[in-house]
Amino acid sequence: MTPTPRLTLVLTTAILLLTTNLYAATAHAADDDPNDPPGTDPSAAAPVKVDPADPDLKLPDGATLAQAKVLDIKSVVEDQSGDERREDTNTSVTFALQAEVLFGKDSAKLGAEAKSRITGIAEEIKTQNATRVRVFGFTDNLGSSAHGDVLSKKRANAVHDILTETLNDAGITYEVRGYGEQYPIADNSTEAGRKKNRRVEVSFPRTES
């Protein structure tokens, strides 16, 4: 029997965002602060300079250009089952593992399959020569928020323990957090969405080219 191919979803965006003050929306770049949402590190790329007087822009009368921004190129690859998701930008790599493939229900004890998946992430950390690794845990919105905060942190700690054991590198700094039901990536009103939200994310910088 031919194995079912992995469903690869690649979303690539390379946009120079040029807006007028008439329609501009505000965006806030995150500093390296524990209160900032994961995945909001600012890009180091500089925007392309644009001549606001260029007639091809066809700005409305009285309008001016808002500050230009460069959005990272983003590639997302997800297993057909959705159990594992990899997101690459020009500055970082993020792996998201659904809790069901790592832990039992309402548990922070790693299952039999978990170590091999985490070891695979450790190999990528080595490849990228990363010296800073973030391990963030998340839950759905069922149960109390306080319980979700504790469970997500315990799960992040469990993944962190396997990474440190596998990598055995004192030069790597880890940031481990449990965000509970904060920052969902799917709709919590359905079980399919809640399943996506119950996850552990491991992120680290890409090797500079």
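This is a short walk through the sheet, one helix and the charged pairs of a predicted model.

Start with the sheet. Six strands make it up, and it is open. The order runs β3-β4-β5-β8-β6-β7, with mixed pairing. β3 and β7 stand at the edges with a single partner strand each, so one side of each has no neighbour in the sheet. On average, neighbouring strands are turned by 15 degrees against each other, direction ignored.

Look at β6 and β7. These two pair in the parallel sense, over six bridges. Val135 stands opposite Val176 in β7.

Now the helix on top of that. α3, residues 145-167, packs on the sheet and touches β6, β7 and β8. Its direction makes about 160 degrees with that of β7. α3 has 23 residues and spans 33 Å from first C-alpha to last, close to the 33 Å expected. Which residues of α3 are buried? Among them are Leu151, Arg155, Val159, His160, Ile162 and Leu163. The buried residues of α3 pack against α1, α2, β6, β7 and β8. Just after the helix, Asn168 takes a positive phi of about 50 degrees.

On to charges. The whole structure holds 15 salt bridges. I'll take three.

One joins Arg117 and Glu84, with the closest N and O atoms 2.9 Å apart. Arg117 is in helix α2 and Glu84 in strand β4, so the pair ties together parts 33 residues apart in sequence. Both residues are buried.

Another joins Asp140 and Arg198, at 2.6 Å between the closest N and O atoms. Asp140 sits in the loop between β6 and α3, Arg198 in the loop between α4 and β8, so this pair ties together parts 58 residues apart in sequence. Asp140 and Arg198 are buried too.

Then Glu201 with Arg199, closest N and O atoms 2.8 Å apart. Glu201 is buried at 13% relative accessible area. Arg199 is buried at 3%. There is also a network: shared partners join Glu100, Asp140, Glu191, Arg194 and Arg198.

Last, a charge without a partner. Asp83 lies in the loop between β3 and β4. Why does buried Asp83 have no salt bridge? The nearest side chain of opposite charge, Arg117, is 4.1 Å away, and a salt bridge has to be within 4 Å, so the pair is not counted. Arg117 is still among the contacts of Asp83, along with Ala96, Leu97, Gln98, Val101 and Lys195, leaving aside neighbours within four places in sequence. And Arg117 does have a salt bridge, with Glu84.

Definitions and conventions:
Residues numbered from 1 in each chain as written. Predicted model: local features only at pLDDT ≥ 70, side-chain atom pairs only at ≥ 80, totals over all residues. Heavy atoms only, no water. Helix = DSSP H or I, 4+ residues; strand = E, 2+ residues; numbered from the N terminus. Buried < 20%, exposed > 50% of the residue type's maximum accessible area, 1.4 Å probe, protein only. Lys, Arg positive; Asp, Glu negative; His and termini not counted. Contact = heavy atoms within 4.5 Å. Pairing = 2+ DSSP bridges. Axes fitted to C-alpha atoms, helices over the stretch in contact; angles between N-to-C directions. Expected span 1.5 Å × (residues − 1).
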